[in-house]
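Work through the exercises below with the model open. Try each task before reading its solution.

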Amino acid sequence: MPHDGMQVCIRVLAIACGAAALQLRRAGPSAPLGLGPVGRAPSARRASAGMTSPPDQTATSYGEALVRAATLDQTRVPYVEALVRARKRVAGPFFLPGHKLGAGLPAAAAEVLSVAAPFDLPELGELDNLFAPVGPLLEAQELAAQAFGARRTWFLANGSSAGMIASIMACVRLSASARGHNAPKVLLPRNAHRSAVHGLIHSGAEPVWLAPETDELTGLTLGVDARTLREALRAHAGSVACVLLVSPSYEGAVSDVSAAAALCRQAGVPLVVDEAHGAHFGLAPGLPLSALACGATLVVQSTHKTLGALSQVCSSSPSSLLLASLDAARHQAASGGARGPFELRRAIKLARLARRALLKEAPGGESGREGGESGRENRESGR
């Protein structure tokens, strides 16, 4: 499936602004399907020539994209910086919101909101345009793409739900256009988020439900086995718009995204991964690889779930505070002097200590299970 068409479809369909991000896998003349670790091979992307030009009219070459990516500075927070500058320039808030930089906040909420309210600004020109960014917001998204290993990143302000709906609709529309399907099929697991069901309804796609594996000891749902996915792709060959996986699950179960990506490449089908609970993956040793690093085509993340962004809101008017928190969350996780990676390593160490303590308290089989956990930890460290 051509990525340029994917970008256009997403831009048309994802007119929802999240403490979430939609990531498109890198691709280029010499780029493999599914590049490796975060921070390598800068992204190829489309850019607009100006505020009045639709952002997808002027395409940069892959070489130009490499040059631009080389100039990105992960120590900067361009949207946060723009927000601070914009606030300092406001002499009188003759614009919305009605609390007027906090002066009109309800007394009951003043203690909670007074610090942030002065920066709760509308879509002023210097704060860029979420739907056609050309300034600080574009730079913030490019920094996020580089930090998370994506070809392109879109900031969302309606959570991962908006990203899931947009991804499914984009894949279905492209499949219908390319193959003439009236009702393309989407392969997805039974533990998919309800936003995936909304995407199916809006797109008119036919679901093909895949049964995920279940852990016998805990009863928790795990990922979809590669054999199950292979059989489904063969059974519905030629009619699949995309494959959707959930990794990690709400309980933390990680799927074999690499195996799924390989199968999807063989079938010529895009792989969409709901990584809402895994925005931190790949950012520190001991964590699983991110879905992008494993070869997924489109990945949806909630940076408010496992990183430091604000919780999502539902509105067609983008929140400047929310967008600033997305920019700052990337900075916290990816800049050279940030404490994000250190805190992640510390959290991993504490989690391992807690796991060992829990295993000792578990009835029966403590030593065998503990040995198994230690072996798995060693394998993870080696990976």
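**Exercise 1.** Determine which way the residues of strand β1 point, and whether they are buried or exposed.

*Solution.* Step one: sort the side chains. Ala20, Leu22 and Leu24 point one way from β1, while Ala21 and Gln23 point the other way. Step two: apply the burial cut-offs (buried is under 20% relative accessible area, exposed over 50%, partly exposed in between; 1.4 Å probe, protein chains only). Five of the five residues in β1 (residues 20-24) are buried. Strands here are DSSP E runs of at least two residues, and helices are H or I runs of at least four, numbered from the N terminus.

The model is predicted: local features need pLDDT of at least 70, side-chain atom pairs count only at pLDDT 80 or more, and totals for chains, interfaces and linings use all residues. Residues are numbered from 1 along each chain as its sequence is written, and side-chain values use heavy atoms, leaving out hydrogens and water.

**Exercise 2.** Find the bridge partners of Ala20 in β2 and Leu24 in β7.

*Solution.* Start with the pairing rule: DSSP must find at least two bridges between two strands. β1 pairs with β2 (residues 152-156) in the antiparallel sense over five bridges. There, Ala20 is partnered by Leu156. β1 also pairs with β7 (residues 298-301), antiparallel, over four bridges. On that side, Leu24 is partnered by Leu298.

**Exercise 3.** Explain why Cys242 and Cys264 form no disulfide.

*Solution.* First, the criterion: a disulfide is a pair of cysteine sulfur atoms within 2.5 Å. Next, check Cys242. Its closest cysteine sulfur, in Cys171, lies 4.3 Å away, so the pair is too far apart for a bond. Then check Cys264. Its closest cysteine sulfur is in Cys242, at 8.9 Å, again too far for a bond. Both cysteines are buried: Cys242 has a relative accessible area of 0%, Cys264 one of 1%. By this rule, the count is zero disulfides.

**Exercise 4.** Locate the buried and the exposed residues of helix α7.

*Solution.* Take the buried set: Ser195, Ala196, Gly199 and Leu200 in α7 (residues 194-203). They share one side of α7, because they cover an arc of only 150 degrees around the axis. The arc is that of the directions from the helix axis to the C-beta atoms. Now turn to the other side, where Arg194, Ile201 and His202 are exposed. Finally, list the packing partners of the buried residues: α6 (159-179), β3 (185-189), β4 (206-210) and β5 (240-246). After α7 comes Gly204, with a positive phi near 80 degrees.

Notes: Contact = heavy atoms within 4.5 Å.
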